[in-house]
Amino acid sequence: MDIRILTYFLTTAREENITKAAQLLHITQPTLSRQLMQLEEELGVNLFQRSNHCVYLTSEGMMFRRRAQELVNLAERAREELAQNEETLSGVIAIGCGEMRSVQEVAKLMAGFQERYPLVKFELYSGDNEGIRERMEQGTLDMGLLLEPVSIVKYDFIRMRTKEQWGVLIHKDAPLASREVIRPGDLVGTPVVTVQLDTPVHHELAGWSGDFAKQMEPCVNYNLLYNAVIAARERKGAAICVKLDCHYDEMKFLPLEPKLELSSVLAWKDRQTYSKATTAFIRYVKEMYRQDEK
């Protein structure tokens with residue numbers, strides 16, 4: 001298969017109509033149908049369910065769609081990087097970011113870099129550590145803002161200055177909302193929405209809770225906060241999270257006591273060849289943090 005055929009597949013999947021997809025691709029409908037059937041034969045699966053007027057992705061087609069999009073994105077980035085010249089720095093730098101206050105530091109770095117190189121663009125992907133690292137390994141992300149503790153053996157990195165303070169967002173009508181802080185054991189008996197189980201961050205929180213961790217029964221686990229807050233609000237419960245510069249109706253943030261603060265790192269794969277734009281940005285990041293240390 002080649003990138004052209006993957007583009008045919010993605011366009012058809014988006015439009016759910018072969019005739020319309022063919023018009024957008026500037027090819028005939030029989031040609032597109034033939035190319036899609038050949039792709040299915042090559043993969044040995046049916047990618048589409050066909051009806052008289054529409055086509056829909058099968059479960060195999062849905063799985064393939066993600067990988068096809070990644071390959072097309074990588075090919076496009078490769079073309080952009082090869083088109084760069086020595087005089088004008090341009091291109092796209094893809095960064096994955098967790099939900100943290102240290103994103104503000106990354107935003108300042110991006111803004112400062114674009115003042116020097118206005119033709120460089122950034123793409124931001126929001127996710128948790130696991131999702132960001134997976135995409136860094138695949139090559140669809142150049143860098144990642146990761147919440148510690150996290151394994152960074154294979155990465156070079158800069159540690160962010162911002163400390164991420166942990167606490168809970170709790171419904172204003174919950175009995176604990178009248179308190180100023182949350183101590184170990186306070187959340188026993190309260191509907192709790194917490195981070196994904198068996199992750200380094202979850203173990204850190206379990207260590208803070210001590211023996212009370214076994215008595216808590218999370219009703220929901222999450223990887224991104226916004227939906228978690230909605231779930232906690234509906235149950236008039238609490239979402240364990242880092243403090244963000246966000247407001248949520250009917251929810252109040254209470255810090256953990258003893259205080260639990262974690263750091264974060266802006267990381268990239270060590271000993272890897274990057275585009276000129278990404279290489280320059282890494283150099284810029286190191287320069288900014290060296291100046292800060294003086």
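## A guided tour, starting at a strand pair

Select G96 first: opposite this residue stands Y125 in strand β4. You are looking at a predicted model, so treat each stop as a feature of that model.

**Stop 1: strands β3 and β4**

Widen your selection to residues 91–97, which form strand β3. Now add residues 120–126, strand β4: the two strands run parallel and are joined by 7 bridges. Is β3 mostly covered or mostly open? Strand β3 is mostly covered, with 7 of its 7 residues buried. Try colouring its two sides separately. One side carries G91, I93, I95 and C97, the other V92, A94 and G96, and these residues are all buried, leaving both faces of β3 covered.

**Stop 2: the whole protein**

Zoom out for a moment. How many helices and strands are there in the protein? The protein has 9 helices and 13 strands. Its C-alpha trace spans about 70 × 55 × 35 Å along the principal axes. Of the 294 residues in the protein, 46% are buried.

**Stop 3: helix α3**

Next, select residues 29–43, the 15 residues of helix α3. From its first C-alpha to its last, α3 reaches 21 Å, close to the 21 Å expected at 1.5 Å a residue. Show the side chains of L32, S33, Q35, L36, L39 and E40, which are the buried residues of this helix. Turn the view until you look down the axis of α3: these buried residues fall within an arc of 165 degrees, so they line one face of the helix. A general rule helps here: an α-helix has 3.6 residues a turn, so residues three or four places apart point the same way. Before you leave, click on G44, which follows α3 and has a positive phi, near 75 degrees.

**Stop 4: helix α8**

For another helix with a buried side, select residues 225–234, helix α8. Which residues of α8 are buried? They are L225, A228, V229 and A232. These residues cover an arc of only 100 degrees around the axis, which puts them on the same side of α8. Now rotate to the face turned away from that buried side, where you will find the exposed residues Y226, N227 and E234.

**Stop 5: a nonpolar patch on the surface**

Select I3, L71 and L74 together and switch on the surface display. These residues make a nonpolar surface patch of about 200 Å². Pick out L74, whose place is in helix α4, residues 59–82. Is L74 buried or partly exposed? L74 is partly exposed, with a relative accessible area of 30%.

**Stop 6: salt bridges**

Side chains of opposite charge can pair when their charged atoms come close. In this protein the count comes to 16 salt bridges, and a few of them make good viewing.

Begin with E287 and R116, whose side chains meet in a salt bridge at 3.0 Å, N to O. E287 lies in helix α9 (residues 276–293) and R116 in helix α5 (residues 103–116), so the pair ties together parts that are 171 residues apart in sequence. Both ends can be checked on the surface display: E287 is partly exposed, with a relative accessible area of 24%, and R116 is also partly exposed, at 44%.

Then move to K172 and D173, where the side chains meet in a salt bridge at 3.4 Å, N to O. K172 is partly exposed, at 48% relative accessible area, and D173 likewise counts as partly exposed at 48%.

Another pair to select is R271 and D270: their salt bridge has its closest N and O atoms 3.2 Å apart. Here R271 is exposed, with a relative accessible area of 79%, while D270 is partly exposed at 34%.

To see salt bridges linked together, select R66, R67, E70 and E134, which form a network.

**Stop 7: a meeting of two residues**

Finish at G185, in the loop between β7 (164–171) and β8 (192–195). G185 counts as partly exposed, at 23% relative accessibility. Add F212 to your selection and draw a line between the two C-alpha atoms. How many residues apart in sequence are G185 and F212? They are 27 residues apart in sequence, while in space their C-alpha atoms are 5.3 Å apart.

Notes. Residues numbered from 1 in each chain as written. Predicted model: local features only at pLDDT ≥ 70, side-chain atom pairs only at ≥ 80, totals over all residues. Heavy atoms only, no water. Helix = DSSP H or I, 4+ residues; strand = E, 2+ residues; numbered from the N terminus. Expected span 1.5 Å × (residues − 1). Buried < 20%, exposed > 50% of the residue type's maximum accessible area, 1.4 Å probe, protein only. Arc of directions from axis to C-beta. Patch = residues over 30% accessible without salt bridge, like charges linked within 9 Å, V, L, I, M, F, W, Y side chains within 5 Å. Areas by Shrake-Rupley, 256 points an atom, 1.4 Å probe, with all protein chains shown as cover. Salt bridge = Lys/Arg side-chain N within 4 Å of Asp/Glu carboxyl O. Pairing = 2+ DSSP bridges.
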